[in-house]
Amino acid sequence: MSDTDWARADDWEQAWQPLIDSIGTDFSPAGKDAIDAIEKGAIRKYVEPLEMDCPIFVDEDVAKAHGYEGIPAPTSGISQTWIETGIWTADRDPAWPTNDRDATPPRPPAAGDAIEPPSPPTSAAFATDIEIEYHRDAYVGDRLTSSGNRLISCLPKQTSVGRGAFQIYESYVHNQAGELIATVRRGLYSYVPFE
């Protein structure tokens, strides 16, 4: 009997009840600090391939003349670029412990008190959407922290690919002063594929 036999049962939706009951729970309350503060050169390199020629991203005087506190980081980098924790630092084991050219480096473990959500075992998943609510700008010199993995919703659903549940998790991005920069909501569908 496999761990995913629940998906073949008539009452398969019941397997998701423990996760539904934990809506509101934060499964990763500790924060993860970005490996670097936001640098002016990093912003230039970010906007260059996009040919984003808005001068507020390169000229502090122009940015301040338009109401900014300094050179702002493009908001499109908030969800990943400006909160990147790094793949490797000198205090970690090698990121690529194999010569396999298709290897994916393991990510560093999540911050200390991450909790495993009480969901049934699944063998496949995909991201469904991302929603970011921006509260204030991040600037050159800011070092951002991402925290939280709060379950907002869980909806069991049979789709054309299998039986599983759509879930939405919410996290928060703060600057070094503790000011809320953004609220990030990520959707995901975890499921057992049909054979």
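I take buried to mean under 20% relative accessible area, exposed over 50%, and partly exposed in between, with a 1.4 Å probe and protein chains only. By that rule I noted Tyr-191, at 11% relative accessibility, as buried.

**Ground rules**

I am reading a predicted model, in which local features need pLDDT of at least 70 and side-chain atom pairs count only at pLDDT 80 or more, while totals for chains, interfaces and linings use all residues. I number residues from 1 along each chain as its sequence is written, and side-chain values use heavy atoms, with hydrogens and water left out.

**Entry 1: rings**

I searched the whole structure for aromatic pairs and got seven. For a pair, the rings of Phe, Tyr and Trp (its six-membered ring) must have centres within 6.5 Å; planes under 30 degrees apart are stacked, over 60 edge-to-face, and the rest tilted. I looked up Phe-27 and Tyr-169, whose ring centres are 6.5 Å apart with planes at 65°, so I entered the pair as edge-to-face. Phe-27 sits in the loop between α1 (17-21) and β1 (31-33) and Tyr-169 in strand β4 (residues 162-174), so this pair ties together parts that are 142 residues apart in sequence. For helices (H or I, at least four residues) and strands (E, at least two) I use DSSP runs, numbered from the N terminus. I found Phe-27 buried at 3% relative accessibility, and Tyr-169 buried at 10%.

I then took Tyr-189 and Tyr-191, with ring centres 5.1 Å apart and planes at 15°, so that pair is stacked. Tyr-189 is buried, and its relative accessible area is 0%. I also noted that ring pairs link these two with Phe-126 and Phe-166 into a cluster.

**Entry 2: Ser-190**

I placed Ser-190 in strand β5 (residues 180-193). Is Ser-190 buried or exposed? I entered it as buried, with a relative accessible area of 11%. I listed what Ser-190 touches, leaving aside neighbours within four places in sequence: Trp-16, Thr-122, Ala-124, Ala-125, Gly-164, Ala-165 and Gln-167. Contact here means heavy atoms within 4.5 Å.

Which side chain joins that of Ser-190 in a polar contact of 3.3 Å? I found Gln-167. A polar contact is a pair of N or O atoms within 3.5 Å; within protein, one must be able to donate a hydrogen and the other to accept it, and residues adjacent in sequence count only if both atoms are side-chain atoms. I also checked Pro-72, which is 118 residues from Ser-190 along the chain; their C-alpha atoms are separated by 36 Å.

**Entry 3: salt bridges**

Side chains of opposite charge can pair when their charged atoms come close. I counted a salt bridge where a side-chain nitrogen of Lys or Arg is within 4 Å of a carboxyl oxygen of Asp or Glu. The structure holds 10 of them.

I looked at Arg-8, which meets Asp-5 in a salt bridge of 3.1 Å, N to O. Asp-5 is partly exposed at 23% relative accessibility, and Arg-8 is partly exposed at 47%. Arg-8 also forms a salt bridge with Glu-195, with the closest N and O atoms 3.9 Å apart. Arg-8 is in the segment before α1 and Glu-195 in the segment after β5, so the pair ties together parts that are 187 residues apart in sequence. I found Glu-195 exposed, with a relative accessible area of 86%.

Next I took Asp-26 and Arg-150, a salt bridge whose closest N and O atoms are 3.8 Å apart. This pair links distant parts of the chain, 124 residues apart: Asp-26 is in the loop between α1 and β1, and Arg-150 is in strand β3 (residues 145-158). Asp-26 is buried, with a relative accessible area of 16%, whereas Arg-150 is partly exposed at 27%. I last noted a network in which salt bridges that share partners join Glu-131, Glu-133, Glu-170 and Arg-185.
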